[in-house]
Amino acid sequence: MIHLKTEREIEVLKESSLIVGKTLGEIAKVIRPGVRCKTLDTLAETFIRDNGAIPSFKNYNGFPSTLCISVNDVIVHGIPGQNELHDGDIVSIDCGAKKNGFHADYAYTFCVGEVAEEIRNLCDRTKQSLYLGIEQAVVGNRIGDISHAIQTYVESFGYSVVREMVGHGVGRNLHESPEVPNYGQKGSGPKIKKGLVICIEPMINLGVRNIRIDKDGWTTRTADGLPSAHYEHMVAVRDNGTEILSTYQFVEEVLNK
């Protein structure tokens, strides 16, 4: 069942979302070669709790950390450990926070130091595909219109779309209906209505679309070991268009200095 949100609920979601955006901004300040993934996770948990929220991911179905930190060939759900980031890495930081009963959830892929042009292009184009998907999230369209926009754009560059993990609704629960795949046909899937709040999150691989999951049951990698990029925004559908509830402002203020 799809739970459409009221204007009041959307305003509450924005409060949670702002905390996630600011948390990602704090991560952006310290992400560099040599930093340990666990250090980033501790920083995020402290910041979220200091701002009156709780980490959405920690203990969710047994996930042990505040952040999903996914480096290079890890697509999503990387568990932060004592491993260090290195020059040339890319790393998806996926963050969630719950405040006043509502979850926010979104992600950004960071380039660490000097990243190869081919991989930087993967990141840029994955991010662009996110915005092309968001353009389709309007009243009267269907979820498949979002999916199709993302798939056709990234596949035009020879990239592949992960099939097993998808975007989703968000609200009082971290994952709600509907699922939002990053591949599909125009005109398919549930109809998009006013009050729909969804996370759109393309996960795009440089090589094959196939995945493998580590023995920890979480860490999800590309089958061929090539890099994957991941960006995610939360959007709310309004009568007059789509509002992006999440923000990369705090990240990009740091990165553009």
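Start by selecting Y248: with 3% relative accessibility, this tyrosine counts as buried. Keep in mind that you're looking at a predicted model.

Now add Y108, which also counts as buried, at 7% relative accessibility. Do the same for Y231, another buried tyrosine, at 3%. Bring in F110 as well, and you have one aromatic cluster made of Y108, F110, Y231 and Y248. Color those four residues and leave them on screen for the next few stops.

**Inside the cluster**

The whole model has 7 aromatic pairs. For one of them, zoom in on Y108 and Y231: the ring centres are 5.2 Å apart and the planes meet at 80°, so this pair is edge-to-face. Switch on the cartoon to see where the two partners come from. Y108 belongs to strand β5 (residues 102-111), while Y231 sits in the loop between β13 (228-230) and β14 (233-238), so the contact ties together parts of the chain 123 residues apart in sequence.

Next, swing round to Y108 and Y248. What is the geometry of this pair? The answer is edge-to-face, with 4.8 Å from centre to centre and 85° between the planes. Distant parts of the chain are linked here too: Y108 is in β5, Y248 is in the loop between β15 (241-244) and α5 (249-255), and 140 residues separate the two.

**From F110 to the helix**

Use F110 as your way out of the cluster and select A28, in helix α1 (residues 7-30). Is A28 buried or exposed? Its relative accessible area is 6%, under the 20% cut-off, so A28 is buried. Show everything touching A28 and, once neighbours within four places in sequence are set aside, you should find F110, V251, V254 and L255.

For a sense of scale, draw a distance from A28 to P190. The C-alpha atoms of these two are 36 Å apart in space, and the residues are 162 apart in sequence.

**A charge over a ring**

Jump to R163 and Y183 and show both as sticks. The charged end of R163 sits over the ring of Y183, 4.2 Å from the ring's centre.

**An open sheet**

Hide the side chains and pick out β3, β12 and β11. In that order, these 3 strands make an open sheet with antiparallel pairing. On the edges you have β3 (74-76) and β11 (211-213), each pairing on one side only. Look along the sheet for its twist: neighbouring strands are turned by 40° against each other on average, ignoring direction.

Which strand does β11 join through 3 bridges? That's β12 (residues 220-222), running antiparallel to β11. To find one of the bridges, select R212 and then R221, its bridge partner in β12. As background, strands in a sheet pair through backbone hydrogen bonds, in parallel or antiparallel fashion.

**Zoom out**

Finish with the full cartoon, where you have 5 helices and 15 strands. The radius of gyration is 17 Å, close to the 18 Å the globule rule gives for 257 residues, so the protein is as compact as a globular protein of that length. Along the principal axes, the C-alpha atoms fill a box of roughly 45 × 45 × 40 Å.

Color by accessibility for one last view: buried residues make up 53% of the 257. If you plot a contact map alongside, take the contacts between residues at least 6 apart in sequence; 71% of them join residues at least 24 apart.

Technical notes. Residues numbered from 1 in each chain as written. Predicted model: local features only at pLDDT ≥ 70, side-chain atom pairs only at ≥ 80, totals over all residues. Heavy atoms only, no water. Phe/Tyr/Trp six-rings, centres within 6.5 Å; stacked < 30°, edge-to-face > 60°. Helix = DSSP H or I, 4+ residues; strand = E, 2+ residues; numbered from the N terminus. Buried < 20%, exposed > 50% of the residue type's maximum accessible area, 1.4 Å probe, protein only. Lys NZ or Arg CZ within 6 Å of the ring centre and 35° of its normal. Pairing = 2+ DSSP bridges. Axes fitted to C-alpha atoms, helices over the stretch in contact; angles between N-to-C directions. Rg over C-alpha atoms; globule rule 2.2 N^0.38 Å. Contact = heavy atoms within 4.5 Å.
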